[in-house]
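Hello,

Here is the structure I promised to pass on to you. Have a look at it first, and then read my notes below.

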Amino acid sequence: MKRIQCCVRLLLVATVTLLLTGCWSSKEIEDLGLIVGTSLDLETGDVSSEEQQDARYANRQLLTITNQFVTSETTVSGTKEGALPEKAYKNVSETGDAVLPTLRNMLLKVDKRSFAEHSKVIIIGEELASTINLQQTLDFFLRELEIRPSGLLFIAQDQASQALETNEPTKIPAFQLVEMMEGHERTTKILPPMTVAKLEGKLYSDSSFLLQNVSTENGEVKFAGAAIIEGKTKKLRGFLNESDLEGIAWMSGDAKGGLVKGFDEESGAPIVYEIISAKSKIIPHVKGDQISFTIKIQSEGRIAEHWVLSDKAFDNQFLKKAEKVFEKEIERLVRKALDKTQHEFQTDVSGFGNKLRIDYPKVWQKRKKEWDQTFSEVPITCEVKVSIKDYGTSGD
Amino acid sequence: MWEKVISYMPHWQVFLQGFLAFFIPYLIYKLFHVFLFVNKSNGKIEMKENSEQVEMVHIPIQKTLEQFTGDFNKDLLQMRKELGHNWDIHFREFQIGNTDNRAAIVFLKGLCDKELIDKHILKSLMNGHTEKSSVLRGHELQQSIRNEILPVSELLEESKVMKAVGKVLTGSTVLIVDGIQNVFIIGTAHGKTRNLEEPVSEAMVRGPRVGFTEKLSVNTSLLRQHGENRNLSIIEMEVGERTKKELVLAYIDEIVQPNLVKEVKERIETIHLDDVAESGYIEQLIEDDYLSPFSQVQSTERPDRVIAALLEGRVAILLDGTPFALIVPVTFNMLLQSPEDYYERWLSSSLIRLLRYFAAGISLFGPSLYIAFVSFHQGLIPTKLALSMMATRQGVPFPALIEALIMEVAIEILREAGLRLPKPIGPTMGIVGGLVIGEAAVQAGIVSPIMVIVVALTAISSFAIPQYNAGITLRMLRFVAMFSAALFGLYGIILFFLFLCSHLVKLKSFGVSYLSPTIPYRAGDWKDFMVRMPLKMMKHRPRLLKPKDSVRKGE
């Protein structure tokens, strides 16, 4: 009997030690502050705290980090009385000279435990992107476990924190940005999304790339072209506008959907072409020292809008004519984009270098170092083939 | 060189960790083993004491050997001494025919067929046969009664008094005739039975609407009625020390593994119990592991289920006085199967079977997954769901574990109360309880609406399991899963699952692995496991039972 009692006692001790641990690392969901978006800006104004002033004297750059929190109190049904909360989100800013210490300083201001696994967007201010190397700024975000690699990256014109504000208080700007990004399948004016995971590859391969640009006007967020990040310095080089993006999309074959607007040569009336599919092929040629590229673009689509009264949509001759018009228009877009990237910014953002690396690795090894320079002088020819498959449900 | 070797030697801490990793589980094993061992030996001792007591209680040997003398007065007195004090025992004395051959019948009121006694026994004995019976005496009379007078099918002769007394108590009629040494025992037992009804605990849409009753002979006849089968053996055994009860083993000679029958017989013979009230007693006394939460014997009310099991090479145990038959051995997948799976077409029944496995998963892990997600792994919830969960949990004062416990316990109470309630108020109370728990608890802010959904879902899915006791097992284990989830999150759930698996892998039911055909792996038996393949493909009986004749259906 004694033995049994002893055993029972020991078992009891074992269970109690287990239970005493309690709910070890549990954190209830309602006590969390979900970080859904983060913006990074360069702080140029006055600073107050000693820590920040020290950094200023040591001539270090100061960052202002704004986190967008969604907590159980800001969600609509969270307020029991049925009254809508003033805002569906809560933005908290903090300034410092490195990312993580600044984020930790936020603890002094926020009652909820911040939780970044639902982080959706990271927005970097124009000024910050053009002063500090992106690899340095984003190191924490690439390194941290809690931040998911599916987060999207944006560059904001002016203040990045502005992009996390909105006039409509019931909406969460970070989610809005993510949902707007889905439009890239229906227009060529939005870049395909750049996630943290993809960015890492771009950063380490030293190639130039584009990031979607966000601008804010009167509290309304708008996608406005793209920002060019130079591969060598990993800093912001300049901006492309929406129509340049169209050219880039055609070149890189990213156009999943979208429109091309052409004008009838005789009447000057617009004809609109909607893309069903688009393919592009960049072919490098090397003759001795001379490098050149050919871009072959093939597209199928339909006539979506047709203002030319004199022509019938299902007349083959008209279709031929229209195809010509679109081919010209697409070539014009590509030329314009090429002109800007080659001559104005002198950066290769459409992967010409990559194609050369694959086809002529030895040439690439030689030219790798000053590729952007070389790229700006390379002749590029463009061949466009458009075929119209469909003219919609009307036509006479 | 030596230094290089040294650098590859692990630090002493590694050795310590290794030692601890071995020693702590070993210690736990030893502790548990000692505990179990002590318990087992105790059990054995008790059993021995019991059996000694039983022998002490046994009627003295002299008495058991007492025999009828053939002297009418003496024998009748003897019977009166044994039974006369009972209100429901009747003694009827008369004379055979017109002769002065005295005779008496002894019977139990209520248990025997009065019509049979009046019309066939008394009438045949008291009327007619005048000429002969006046002459006949002793042995000749005995032959005459046996061969000419009594038109009854069940007629036995008995010389021992105590046996005759026992027969009277089970409804037979004892006929004592002057001058005949033995008494006649006439099978007039006619116990009260109810009609054959559809089994309440195992309802089906398609399939025979017949369930076992409390009467053993009806139950065995149901098995016989299934179709002519010369190989169906029904073997009689007896259980109970004080109140003897009939128990039969049913199996199919040509299929069953003889060792299995032997094992079942041996286990039943070890039962030394005053009274076996229900087949549940037998189930608990013959199962392999009494500490396991899983039932290792299947109980069923359905004759078709028993027949199907017999044809797979299993053994059924039927006890008089209960409609629940036992089937051994049992595997885990049997608990999630219904006879209907074979009656419906294979596609639909396969899907339904998969659904049952899914439901079993939910009823075991539903609330614990909720706890793990809400209080540990919020990053794994889709963002929008996380937002709405956050909103609904806003203002709930308890951590997720307490919240889940409150609701789970409430629903268990509701279930238990619903079973016991008188039929007319049952549904009403169910609705009231459901409303109170679901709606009011949310309104009062004690629990979150999502928790109510989780609890309702788990409660429903635990009833989707065809075996009631398997459902209870899962419900019991659900609470353990909830605690482990509250301790370590998903990690805890996985640990619990592994713990459960290691137990199940070790568990055996009558020499058959509980988890088979998963472990040991038998690909052939998977045809009738998670899915039910077309009947055309199921040509063999399950191989795990090692049936003598493994082919179910010829080419």
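**Two prolines after cis bonds**

P517(B) is found in the segment that follows strand 12 (512-513) of chain B. The peptide bond joining S516(B) to P517(B) is cis, with omega about 10°. Please keep in mind throughout that this is a predicted model. Chain B has another cis peptide bond between V328(B) and P329(B), where omega is about -15°. P329(B) sits in the loop between strand 10 and helix 13 (340-343) of chain B.

**Two residues with positive phi**

The segment after strand 12 of chain B also holds K546(B). Its phi is near 50°, a positive value in a residue that is not glycine. Is K546(B) buried or exposed? K546(B) is partly exposed, having 15 other C-beta atoms within 10 Å.

Chain A offers a similar case in D158(A), a residue other than glycine whose phi is positive, near 60°. D158(A) belongs to the loop between strand 6 (152-156) and helix 7 (173-181) of chain A. With 15 other C-beta atoms within 10 Å, D158(A) is partly exposed.

**The sheets of chain B**

One open sheet in chain B has five strands in the order 1-2-4-5-3, paired in the antiparallel sense. Its edge strands are strand 1 (89-95) and strand 3 (155-158), each of which pairs on one side only. On average, neighbouring strands here are turned by 25° against each other, direction ignored. Within this sheet, strand 4 (residues 173-177) and strand 5 (residues 183-186) of chain B are antiparallel and share three bridges. T173(B) has I186(B) in strand 5 of chain B as its bridge partner. Helix 8 (residues 161-169) of chain B lies across strand 1, strand 2 (102-108), strand 3, strand 4 and strand 5 of chain B, at about 55° to strand 2 of chain B.

Another open sheet of five strands in chain B follows the order 6-7-9-10-8, again with antiparallel pairing. Which strands stand at its edges? They are strand 6 (232-239) and strand 8 (298-300) of chain B; each has a single partner strand, so one side of each lacks a neighbour in the sheet. Neighbouring strands of this sheet are turned by 25° against each other on average, if direction is ignored. Strand 7 (residues 245-252) and strand 9 (residues 315-319) of chain B run antiparallel and are joined by four bridges. There, L247(B) stands opposite L319(B) of strand 9.

Two helices of chain B pack on this sheet. Helix 9 (residues 216-225) of chain B touches strand 6, strand 7, strand 9 and strand 10 (325-328) of chain B, and its direction makes about 10° with that of strand 7 of chain B. Helix 12 (residues 303-311) of chain B touches strand 7, strand 8, strand 9 and strand 10 of chain B, with its direction at about 50° to that of strand 7 of chain B.

**Helix 20 of chain B**

Helix 20 (residues 490-506) of chain B has 17 residues, which at 1.5 Å a residue should span 24 Å; its end C-alpha atoms are 24 Å apart, in agreement. Its buried residues are G492(B), I493(B) and F496(B). Viewed down the axis of helix 20 of chain B, the buried residues fall within an arc of 100°, so they line one face of the helix. They pack against helix 14 (346-375) and helix 19 (468-488) of chain B. The face turned away from the buried side of helix 20 of chain B carries the exposed residues L498(B), S502(B) and K506(B).

**Chain A and its contact with chain B**

In chain A, nine of the ten residues of strand 2 (residues 62-71) are buried, so this strand is largely enclosed by the rest of the structure. Strand 2 of chain A runs antiparallel to strand 1 of chain A, and ten bridges join them. L40(A) stands opposite I65(A) in strand 2 of chain A. Strand 2 of chain A also pairs with strand 3 (residues 90-96) of chain A, in the antiparallel sense over seven bridges. F69(A) is opposite K90(A) in strand 3 of chain A.

How many residues does each chain bring to the contact? Chain A gives 27 residues and chain B gives 25 residues. On the side of chain A, the elements that give two or more residues are helix 1 (2-20) and strand 1 (32-43). Helix 1 of chain A gives the most, with five residues. By class, this side of chain A has twelve nonpolar, eight polar and seven charged residues.

Best wishes

Definitions and conventions
Residues are numbered from 1 along each chain as its sequence is written. Chains are lettered from A and ligands numbered from 1 in the order in which they are written. This is a predicted model: local features need pLDDT of at least 70, side-chain atom pairs count only at pLDDT 80 or more; totals for chains, interfaces and linings use all residues. Two strands pair if DSSP finds at least two bridges between them. Axes are lines fitted to C-alpha atoms, for helices over the stretch in contact, and angles run from 0 to 180 degrees between N-to-C directions. Two residues are in contact if their C-beta atoms, placed from the backbone, lie within 7 Å. Ala, Val, Leu, Ile, Met, Phe, Trp, Tyr, Cys and Pro count as nonpolar, Asp, Glu, Lys and Arg as charged, and the others, Gly among them, as polar. The expected span of a helix is 1.5 Å times one less than its number of residues. A residue is buried if 20 or more other C-beta atoms lie within 10 Å of its own, exposed if 12 or fewer, and partly exposed in between; C-beta atoms are placed from the backbone. The arc is that of the directions from the helix axis to the C-beta atoms.
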